[in-house]
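The exercises below are meant to be worked through with the sequence and the model side by side. Try each task before reading the solution that follows it.

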Amino acid sequence: MFCDALTLTAVAQELREKLLGGRVQQVLLLDRFSIGLEVYAHHRRHYLLMSAQPEDGGRIHLVAEKLRRGLDTLSPLALRLRKQVRLAHLMDIQQPPAERLLRLTLEGEEGTVVLVTEIMGRRSNILLLDEDTTILECVRHVPASQNRYRVLLPGYPYVPPPPQQKVDTIALTPTALEQVLQKQDYG
């Protein structure tokens, strides 16, 4: 599934409409790179799939059918999610302008946490952060030896991916579009 920033904006809007205020009933580890959430909102169950599969480039979206657990052994992320996200309420869904990541803010008995899904091709990741944006756990651990810009390990502060120098097409006005087109060199 191809997912760019514009597609993710549409997905975020759908998730806001269907899931905001809902309660996470169940957390499932579907495979090594995929997490499923059953969210009860607006008097019905919704199934949210988050994947950081390198083969499909990562994705986040609702699915119609009930999600089933795929692995018998739980990952550290799945254990953390079960502890801190199960029975929590989904309070906010944010997408930085023109970026391929979603931040889901959840409030539960264990406090407020943020579940970040980064949709970045083979570098996709799913991270659980505390209120201070410290990484609690993630699907794919990335030490400093693999990426000097940002370390993705539990206990480290979360650093978002480097911003892309792209125009936010959602906030684009006719005047701004004209300015962007004037800057382009088509020769």
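Two residues are said to be in contact when heavy atoms of theirs lie within 4.5 Å. The structure shown is a predicted model, and every value used below was computed from it.

**Exercise 1. Find which residues leucine 48 is in contact with, leaving aside its neighbours within four places in sequence, and place leucine 48 in its core.**

Step 1. With those sequence neighbours set aside, the contacts of leucine 48 are Leu15, Leu19, Ile35, Gly36, Leu37, Ile60, His61, Leu62, Leu67 and Leu104.

Step 2. The largest nonpolar core has 36 residues, and those touching the most other members are Leu15, Ile35, Leu37, Leu48, Ile60, Val85 and Leu115. Helix 1, residues 5-19, gives this core its largest share, five residues.

Step 3. Apart from this core there is a second one of 10 residues, with Val116, Leu127, Leu129 and Tyr158 among them.

**Exercise 2. Work out which residues of helix 1 are buried, and what they pack against.**

Step 1. Begin with the length of the helix: at 1.5 Å a residue, the 15 residues of helix 1 should span 21 Å, and this agrees with the 20 Å between its end C-alpha atoms.

Step 2. A residue counts as buried under 20% relative accessible area, and in helix 1 this applies to Ala5, Leu8, Val11, Ala12, Leu15 and Leu19. Because these residues cover an arc of only 110 degrees around the axis, they are on the same side of helix 1.

Step 3. The spacing can be understood from the geometry of an α-helix, which has 3.6 residues a turn, so residues three or four places apart point the same way.

Step 4. The partners of these buried residues are strand 2, strand 3, strand 4, strand 5 (89-94) and strand 6 (101-108).

Step 5. Arginine 16 also belongs to helix 1, but with 26% relative accessibility it counts as partly exposed. Leaving aside neighbours within four places in sequence, arginine 16 is in contact with Ile93, Gln94 and Gln95. Just after the helix, glycine 21 has a positive phi of about 85 degrees.

**Exercise 3. Determine which residues are buried in helix 2 (residues 76-84), and what covers them.**

Step 1. The buried residues of helix 2 are Leu77, Ala78, Leu81 and Gln84. Viewed down the helix axis they fall within an arc of 145 degrees, so they line one face of helix 2.

Step 2. Their cover includes strand 1 (23-31), strand 2 (34-41), strand 7 (111-118), strand 8 (125-130) and strand 9 (135-138).

Step 3. In the loop that lies between helix 2 and strand 5 is leucine 87, whose phi is near 75 degrees, a positive value in a residue other than glycine. Leucine 87 is partly exposed, its relative accessible area being 38%.

**Exercise 4. Describe how strand 3 and strand 4 are joined, and examine serine 51.**

Step 1. Strand 3 (residues 44-51) and strand 4 run antiparallel and are joined by five bridges. Within this pairing, leucine 49 has histidine 61 of strand 4 as its bridge partner.

Step 2. Strand 4, residues 59-63, is mostly covered, as four of its five residues are buried.

Step 3. Serine 51 has its place in strand 3, and at 1% relative accessibility it counts as buried. The side chain of serine 51 makes a polar contact of 3.2 Å with the side chain of serine 34, and a polar atom of the serine 51 side chain lies 3.1 Å from the backbone nitrogen of glutamine 53.

**Exercise 5. Follow the chain through strand 7, strand 8 and strand 9, and find how many residues lie in each hairpin between the strands.**

Step 1. Strand 7 and strand 8 pair in the antiparallel sense over six bridges, with valine 113 standing opposite aspartate 130 in strand 8. Six residues lie between the two strands of this hairpin, and in the turn glycine 121 has a positive phi of about 65 degrees.

Step 2. Strand 8 and strand 9 are also antiparallel, over three bridges, and leucine 129 has isoleucine 135 in strand 9 as its bridge partner. Here four residues lie between the strands, and threonine 133 in the turn has a positive phi of about 60 degrees. At 28% relative accessibility, threonine 133 counts as partly exposed.

Step 3. Strand 8, which takes part in both hairpins, is mostly covered, with five of its six residues buried.

How values were computed. Residues are numbered from 1 along each chain as its sequence is written. This is a predicted model: local features need pLDDT of at least 70, side-chain atom pairs count only at pLDDT 80 or more; totals for chains, interfaces and linings use all residues. Side-chain values use heavy atoms; hydrogens and water are left out. Buried means under 20% relative accessible area, exposed over 50%, partly exposed in between (1.4 Å probe, protein chains only). Two strands pair if DSSP finds at least two bridges between them. A nonpolar core is a set of buried Ala, Val, Leu, Ile, Met, Phe, Trp, Tyr and Cys residues joined through side-chain atoms within 4.5 Å. The arc is that of the directions from the helix axis to the C-beta atoms. A polar contact is a pair of N or O atoms within 3.5 Å; within protein, one must be able to donate a hydrogen and the other to accept it, and residues adjacent in sequence count only if both atoms are side-chain atoms. The expected span of a helix is 1.5 Å times one less than its number of residues.
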